[in-house]
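Visitor: Please give me a close look at the interior of this structure, with attention to the part that packs there. I should also like to see how its surroundings and the charged pairs relate to burial.

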Amino acid sequence: MQRRSSRSRYCMGELIEREDFSEDLAAFKFKTDQQLPFIPGQYATIGFEVNEKIVQRPYSIVSSPHEPFMEVFVELVPEGATTPLFWELKLGDKVFIRDRLVGKFVMDTESGMTRHLMAGTVTGAAPYISIVRTQKIEQEQGKSSPHQILVIVGASRSWELGYYMDELNELAAQEEWFSFVPTVSRPWEDTDWDGESGRAEDVIRKYGDQMGFDHMNSVVYACGHPQMIENSKAIWARARFPEERIKEEKFFVIKE
């Protein structure tokens with residue numbers, strides 16, 4: 001009885017598409033057996049059955065709530081509880097997804113600010129992709145006046161961002177409200193790369209200042225590696241951003 005009650009809190013997600021960007025980074029798309037409403041920037045709790053128990057972890061959602069699938073961007077942690085199980089998935093395989101999608105790392109629409117600077121590291125781009133996909137769809141539907149968004153994403157090498165790199169570059173070329181700056185911290189290992197180099201926090205002040213995202217008109221966000229977040233918060237504090245307009249979402253490695 002307890003098991004049925006516990007499992008009633010989940011829906012099932014069927015893997016319909018998978019794209020491996022590298023040995024340890026991949027995108028996964030699932031078709032869910034029920035509609036799961038959420039706000040862009042929130043996360044899904046995804047679980048696998050292990051020894052008759054559901055082992056689960058939170059994953060930021062890449063897809064827009066307007067899209068007919070749920071997409072997540074996952075980094076393999078070999079000693080992790082769930083990410084190695086993602087790497088075993090084949091098309092048609094199913095996972096458990098909690099039927100409540102939650103999280104507070106969403107675009108701030110309460111402060112009155114309409115400019116948003118978003119910094120991330122690799123999979124930390126996920127909530128921002130959801131946000132900009134949603135804004136594009138809703139703009140096409142005539143539902144919203146666009147906020148100005150600048151996304152800065154750092155990776156060791158450019159291919160770690162996979163097709164998201166192309167998607168964000170194309171959107172930035174098409175939409176006046178969106179700007180995208182990818183930056184590579186190991187350009188010597190990515191010799192064809194001719195874009196920005198350094199970590200995300202190395203360039204947030206440069207591009208924020210250039211594009212007019214400042215403490216008077218903007219909300220800033222940091223998502224991904226905890227050290228990047230701490231560094232970014234210190235930079236923004238020195239740039240006089242008030243604490244309530246500095247948002248963060250740390251990605252920790254949980255081994256147990």
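**The nonpolar interior and its surroundings**

Guide: The structure contains zero disulfides. The model is a predicted one. Two of its cysteines are nevertheless worth noting for their burial: Cys11 is buried, with a relative accessible area of 1%, and Cys223 is likewise buried, at 0%.

The largest nonpolar core comprises 31 residues, and within it Met118, Ile149, Val151 and Phe178 touch the most other members. At least two residues of this core come from each of β2 (25-32), α3 (126-140), β8 (148-155), α4 (162-174), β9 (178-184) and β11 (218-224). Among these contributors, α3 provides the largest share, namely five residues. A further core of 22 residues lies apart from this one, and its members include Cys11, Ala26, Met70 and Val95.

Ile149 shows how the packing of the largest core is arranged around one residue. Once residues up to four places away in sequence are set aside, Ile149 touches Met107, His116, Met118, Ile131, Val132, Gln135, Trp177, Phe178, Ser179 and Phe213. Three of the residues on that list, Ile131, Val132 and Gln135, also appear among the buried residues of α3.

Helix α3 itself therefore merits examination; its 15 residues should span 21 Å at 1.5 Å a residue, and its end C-alpha atoms are 22 Å apart, in agreement with that expectation. The buried residues of α3 are Ala126, Pro127, Tyr128, Ile129, Ser130, Ile131, Val132, Arg133, Thr134 and Gln135. As a general point, an α-helix has 3.6 residues a turn, so residues three or four places apart point the same way. In this helix, however, the buried set runs from Ala126 through Gln135. After α3 comes Gly142, which has a positive phi, near 75°.

Arg133 also leads to the charged side chains. The structure holds 17 salt bridges. Salt bridges with shared partners join Glu67, Glu71, Arg133 and Glu167 into one network. In general, side chains of opposite charge can pair when their charged atoms come close.

Three individual pairs illustrate the range of burial. In one, the side chains of Glu189 and Arg186 meet at 3.9 Å, N to O; this counts as a salt bridge because the cut-off is 4 Å. Glu189 is partly exposed at 34% relative accessible area, and Arg186 is partly exposed at 35%.

In another, Lys206 forms a salt bridge with Glu196, with the closest N and O atoms 2.9 Å apart. This pair links distant parts of the chain, since Lys206 belongs to helix α5 (residues 200-211) and Glu196 to strand β10 (residues 196-197), 10 residues apart. The partners fall into separate accessibility classes: Lys206 is partly exposed at 39%, whereas Glu196, at 16%, is buried because buried means under 20%.

In a further pair, the side chains of Lys250 and Glu230 form a salt bridge at 3.0 Å, N to O. Here too distant parts of the chain are linked: Lys250 is in strand β12 (residues 246-250) and Glu230 in helix α6 (residues 226-238), 20 residues apart. Lys250 counts as partly exposed at 31%, and Glu230 as partly exposed at 34%.

Glu196 also connects with Trp193, which is found in the loop between β9 and β10. The side chain of Trp193 reaches the backbone oxygen of Glu196 at 2.8 Å, and a polar atom of that side chain lies 3.4 Å from the backbone oxygen of Gly195. Beyond residues up to four places away in sequence, Trp193 touches Ser158, Met165, Pro182 and Val184. The C-alpha atoms of Trp193 and Trp159, 34 residues apart along the chain, are separated by 9.7 Å.

Two threonines complete the view. Thr45 lies in strand β3 (residues 43-50) and is buried at 15% relative accessibility. With neighbours within four places in sequence left aside, Thr45 is in contact with Gln56, Arg57, Pro58, Phe96, Ile97 and Arg98. Thr109, by contrast, is placed in the loop between β6 (94-98) and β7 (115-121) and is exposed, with a relative accessible area of 51%; the class follows because exposed means over 50%. The C-alpha atoms of Thr109 and Val219 are separated by 9.7 Å, although these residues are 110 apart along the chain.

Technical notes
Residues are numbered from 1 along each chain as its sequence is written. This is a predicted model: local features need pLDDT of at least 70, side-chain atom pairs count only at pLDDT 80 or more; totals for chains, interfaces and linings use all residues. Side-chain values use heavy atoms; hydrogens and water are left out. A nonpolar core is a set of buried Ala, Val, Leu, Ile, Met, Phe, Trp, Tyr and Cys residues joined through side-chain atoms within 4.5 Å. Buried means under 20% relative accessible area, exposed over 50%, partly exposed in between (1.4 Å probe, protein chains only). Helices (H or I, at least four residues) and strands (E, at least two) are DSSP runs, numbered from the N terminus. Contact means heavy atoms within 4.5 Å. The expected span of a helix is 1.5 Å times one less than its number of residues. A disulfide is a pair of cysteine sulfur atoms within 2.5 Å. A polar contact is a pair of N or O atoms within 3.5 Å; within protein, one must be able to donate a hydrogen and the other to accept it, and residues adjacent in sequence count only if both atoms are side-chain atoms.
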